[in-house]
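Good morning, and thank you for joining this group meeting. Please look at the sequence and the structure as I bring them up.

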Amino acid sequence: MKIICSGYPKTGTKTMCAALRLLGYQVYDFEEQFLFLGDELQTALDHGITQEKLRKIFKGVDAITDVPGCAIWEELAKAFPEAKVIHTERSSDNEWSESMWSQMMAVYTHPWMTLYGQISSPTGRKANRIANSAFRVLFSRSEFNSWHQPPLNMTMEKLRYRQHNAYVKQALPKERLLVFDVRDGWEPLCRFLGVPVPSVNFPHKNKSGIEVSSIIEQSKMSDMIRREAVIFTFILFLLIAIIVLVVIIYVA
């Protein structure tokens, strides 16, 4: 592990993922963490994890961004003492909370978060579990799913956001930490990492949370959920057809 991105969701995590990949790093964003390390990270969020285990499961991974990795950034920093930490923030907690609110509303109403999506897909249920665990750790947030969507206490979430930002900056030596605003582009990031500035423009992804639906739709996780939902639907209709046929034969 070379880079640990400790910033909360909606501080430019998708942008950081894209930028680090353009620099040639092997990055595990939420999807890769979920698909390849979901069980281990679920355990880490619920019960804790050893430094030895972290070094084992993240072997060959250069960088992590977004949840659930940012929820265990400190454990990762101890497990990989040579790794640099990039901490992203928004210009204000109000700006952050508005973006987080927009994204959560998009998640709440996305088709795979509906009751049908949760029932029909084991992958959807697993993703919901790890998201709930990460948000519990980060925000002290109540569990949510398609049939239980508690109100978002943005006052409490802003408090947790400020506490997280302050603790990261207090806990690390200055030479190991870059507090980064993605609007600053390549120069400070590349200088901190000691790499050349690319000739391509600095990426900007999911700026206000409104792109979350398209991001979900383009993901491998979404493909898995879609396939499982199709299979579930086929089996369900097949069972209904068999039951109807049996009833017709019995009545006749």
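Helix α8 provides the largest share of the lining of the second largest pocket, 4 residues. This is a predicted model, in which local features need pLDDT of at least 70 and side-chain atom pairs count only at pLDDT 80 or more, while totals for chains, interfaces and linings use all residues. Residues are numbered from 1 along each chain as its sequence is written, and side-chain values use heavy atoms, with hydrogens and water left out. Helices are DSSP runs of H or I with at least four residues, numbered from the N terminus.

The pocket has a volume of about 200 Å³. A pocket here is an open set of points on a 1 Å grid, where a 1.4 Å probe fits, with protein on both sides within 12 Å along at least five of seven lines; lining residues have an atom within 4 Å of a point. The volume is the space filled by probe spheres set on those points, joined across faces, edges and corners. Besides α8, the elements giving two or more residues to this lining are α4 and α7. Among the lining residues are Tyr8, Trp73, Leu138, Arg160 and Tyr167.

Let us turn to α7. This helix has 18 residues and reaches 25 Å from its first C-alpha to its last, close to the 26 Å expected at 1.5 Å a residue, the expectation being 1.5 Å times one less than the number of residues. At its N-terminal end, Ser121 acts as a cap, with a side-chain oxygen 3.3 Å from the backbone nitrogen of Thr123. After the helix comes Ser140, whose phi is positive, near 60°.

What does α7 give to the largest nonpolar core? It gives the most, with 7 residues. Such a core is a set of buried Ala, Val, Leu, Ile, Met, Phe, Trp, Tyr and Cys residues joined through side-chain atoms within 4.5 Å; buried means under 20% relative accessible area, with a 1.4 Å probe and protein chains only. The largest core has 46 residues, and Met1, Ile4, Phe58, Ile64 and Leu76 are those with the most contacts inside it.

Finally, is Glu31, in helix α2, buried or exposed? Glu31 counts as buried because its relative accessibility is 18%. Its C-alpha lies 7.8 Å from that of Lys220, although the two are 189 residues apart in sequence. A polar atom of the Glu31 side chain lies 2.4 Å from the backbone nitrogen of Lys220, and the side chain also reaches the backbone nitrogen of Met221 at 2.8 Å.

Definitions and conventions: Buried means under 20% relative accessible area, exposed over 50%, partly exposed in between (1.4 Å probe, protein chains only). A polar contact is a pair of N or O atoms within 3.5 Å; within protein, one must be able to donate a hydrogen and the other to accept it, and residues adjacent in sequence count only if both atoms are side-chain atoms.
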